[in-house]
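Subject: Structure handover

Hello,

Here is the structure I promised to pass on. Please have a look at it before you read my notes.

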Amino acid sequence: MARVVVNVMPKKEILDPQGQAVVRALGRIGISGVNDVRQGKRFELDVEDNVSKEDLERIAHDLLANTVIEDYDVVVETENVEAAK
């Protein structure tokens with residue numbers, strides 16, 4: 001079994017209203033120096049060994065991200081979760 005993380009973020013050219021709300025809130029609580037915030041999504045998948053990297057790309061592209069407005073990356077955190085226990 002492997003642990004895979006898919007990070008999904010709005011594309012740079014897409015307005016991120018949630019991130020901008022965080023930037024404004026930081027000012028209200030007295031924190032300065034943060035110029036930009038982008039808010040995304042993180043998916044953690046525990047997958048069997050027979051799930052290929054191509055399958056993981058397809059899951060991210062077709063199901064987890066809206067590729068019109070979002071970018072994603074797929075990171076295999078551990079190759080074998082069972083062996084790590």
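Below are my notes on the sheet, the helix across it and the core.

This is a predicted model: local features need pLDDT of at least 70, side-chain atom pairs count only at pLDDT 80 or more, and totals for chains, interfaces and linings use all residues. Residues are numbered from 1 along each chain as its sequence is written, and side-chain values use heavy atoms, with hydrogens and water left out.

The sheet comes first. Three strands form an open, antiparallel sheet, ordered S2-S1-S3. Strands are DSSP runs of E with at least two residues, helices runs of H or I with at least four, numbered from the N terminus. Two strands pair if DSSP finds at least two bridges between them. S2 (41-47) and S3 (70-78) are the edges; each has a single partner strand, so one side of each lacks a neighbour in the sheet.

Now the pairings. S1 (residues 2-10) is joined to S3 by eight bridges. Asn7 faces Asp73 in S3, and Pro10 stands opposite Glu70 in S3. Seven bridges link S1 to S2. There, Val5 has Glu44 as its bridge partner.

Next, the core. The largest nonpolar core (buried Ala, Val, Leu, Ile, Met, Phe, Trp, Tyr and Cys residues joined through side-chain atoms within 4.5 Å; buried means under 20% relative accessible area with a 1.4 Å probe, protein chains only) has ten residues, including Val6, Leu45 and Leu56. S1, S2 and H2 each give two or more residues to this core. S1 gives the most, with four.

Best wishes

How values were computed: Buried means under 20% relative accessible area, exposed over 50%, partly exposed in between (1.4 Å probe, protein chains only).
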